[in-house]
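Here are my notes for a colleague who is opening this entry without having seen it before. They are set out as numbered points, to be read alongside the sequence and the model.

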Amino acid sequence: MRLFYILCLLCWSLTCQAKVEVYFSPSRACEKEILSGITHAQKTIDAAVYTFTHKKIAKALYQAHQRGIKVRILTDRKQSDYYASMAPYLFRKGVPIKINTEHNIEHNKFVLFDQNKLITGSYNWTFSASNYNSENCMVITEDETTLAAFQNRFDELWTLYDLKKSNRWFQRMLDLN
């Protein structure tokens, strides 16, 4: 019986070992991980980002959308109004994007690729985050519980935030420019 418990513990430890990589900025490590995830995504990219001014990431998301990857972006309304925000660019390109329509701010910073790779941390999707700021990101794989929790949160917010309100907001903002 004791051998059975040891084998169960061994199997549990082997199957429950999340793979976590941690990166810090200023450096391009977080940016590279995000771009790599976008490039290698096969089916889905779900991202919730606060500040999004990074042109390379925006262009990579648009290219993924063009290759048939299901891309969905959630972002903050106030940050999307910033002149350098990439949110209007993605909206104009037809990438599904919603702004926060329910909370004070949408301060999440995470992206899920194919529901099996998560990047999260303080890293904002900005040039400054890569080159000047002290920020971090973690790449998490092989942790079904954590990945599912982030996917569930994304799906909750995607359902909560109103697409019609988001579209009207973006259209009004673009009409002003």
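1. Ala 18 counts as partly exposed, because its relative accessibility is 32%, and a residue is called buried only under 20% and exposed only over 50%. Ala 18 is found in the loop that runs between helix H1 (2–15) and strand S1 (19–25). If one takes Tyr 83 as a second marker, 65 residues further apart in sequence, the C-alpha atoms of Ala 18 and Tyr 83 are 39 Å apart in space. Please keep in mind, here and in every point below, that this is a predicted model.

2. The structure holds 1 disulfide, which joins Cys 30 to Cys 137 with a distance of 2.3 Å from S to S. A disulfide is, in general, a covalent bond between the sulfur atoms of two cysteines. Since Cys 30 belongs to helix H2 (residues 29–40) and Cys 137 to strand S7 (residues 135–141), the pair ties together parts that are 107 residues apart in sequence. The torsion about the S-S bond of Cys 30 and Cys 137 is about -105 degrees, and the disulfide is therefore left-handed. Cys 30 counts as buried at 1% relative accessibility, and Cys 137 likewise counts as buried at 1%.

3. Cys 137 also appears in the lining of the largest cavity. The count comes to 1 cavity of 30 Å³ or more, and about 40 Å³ of space lies in the largest cavity. Its lining includes Ile 34, Lys 109, Phe 110, Val 111 and Trp 125, while the elements that give two or more residues to this lining are S5 and strand S6 (117–120). By class, the lining of the largest cavity has 7 nonpolar, 2 polar and 1 charged residues.

4. Which residues form the edge-to-face pair whose ring centres are 4.9 Å apart, with planes at 75 degrees? They are Phe 110 and Phe 150, and the pair is edge-to-face because an angle over 60 degrees between the planes counts as such. Phe 110 lies in strand S5 (residues 110–113) and Phe 150 in helix H7 (residues 144–160), so that this contact ties together parts that are 40 residues apart in sequence. The two partners should be described separately as regards burial: Phe 110 is buried, with a relative accessible area of 2%, whereas Phe 150 counts as partly exposed at 24% relative accessibility.

5. The count of aromatic pairs comes to 8. In one of them, the rings of Phe 91 and Phe 170 have their centres 4.9 Å apart and their planes at 15 degrees, so the pair is stacked. This pair links distant parts of the chain, with Phe 91 in helix H5 (residues 87–92) and Phe 170 in helix H8 (residues 163–176), 79 residues apart. Both Phe 91 and Phe 170 are buried, and ring pairs link Phe 91, Trp 169 and Phe 170 into a cluster.

6. Finally, the ring of Trp 158 deserves a separate look, together with the charged side chains placed over it. The charged end of Arg 72 sits over the ring of Trp 158, 5.2 Å from its centre, and the charged end of Lys 98 sits over the ring of Trp 158 as well, 4.4 Å from its centre.

Conventions
Residues are numbered from 1 along each chain as its sequence is written. This is a predicted model: local features need pLDDT of at least 70, side-chain atom pairs count only at pLDDT 80 or more; totals for chains, interfaces and linings use all residues. Side-chain values use heavy atoms; hydrogens and water are left out. Rings of Phe, Tyr and Trp (its six-membered ring) pair if their centres lie within 6.5 Å; planes under 30 degrees apart count as stacked, over 60 as edge-to-face and the rest as tilted. Helices (H or I, at least four residues) and strands (E, at least two) are DSSP runs, numbered from the N terminus. Buried means under 20% relative accessible area, exposed over 50%, partly exposed in between (1.4 Å probe, protein chains only). A charge sits over a ring if NZ of Lys or CZ of Arg is within 6 Å of the ring centre and within 35 degrees of the ring normal. On a 1 Å grid over the protein atoms alone, a cavity is a set of points where a 1.4 Å probe fits but cannot get out, and a pocket is an open set with protein on both sides within 12 Å along at least five of seven lines; lining residues have an atom within 4 Å of a point. Grid points are joined across faces, edges and corners, and a volume is the space filled by probe spheres set on the points. Ala, Val, Leu, Ile, Met, Phe, Trp, Tyr, Cys and Pro count as nonpolar, Asp, Glu, Lys and Arg as charged, and the others, Gly among them, as polar. A disulfide is a pair of cysteine sulfur atoms within 2.5 Å.
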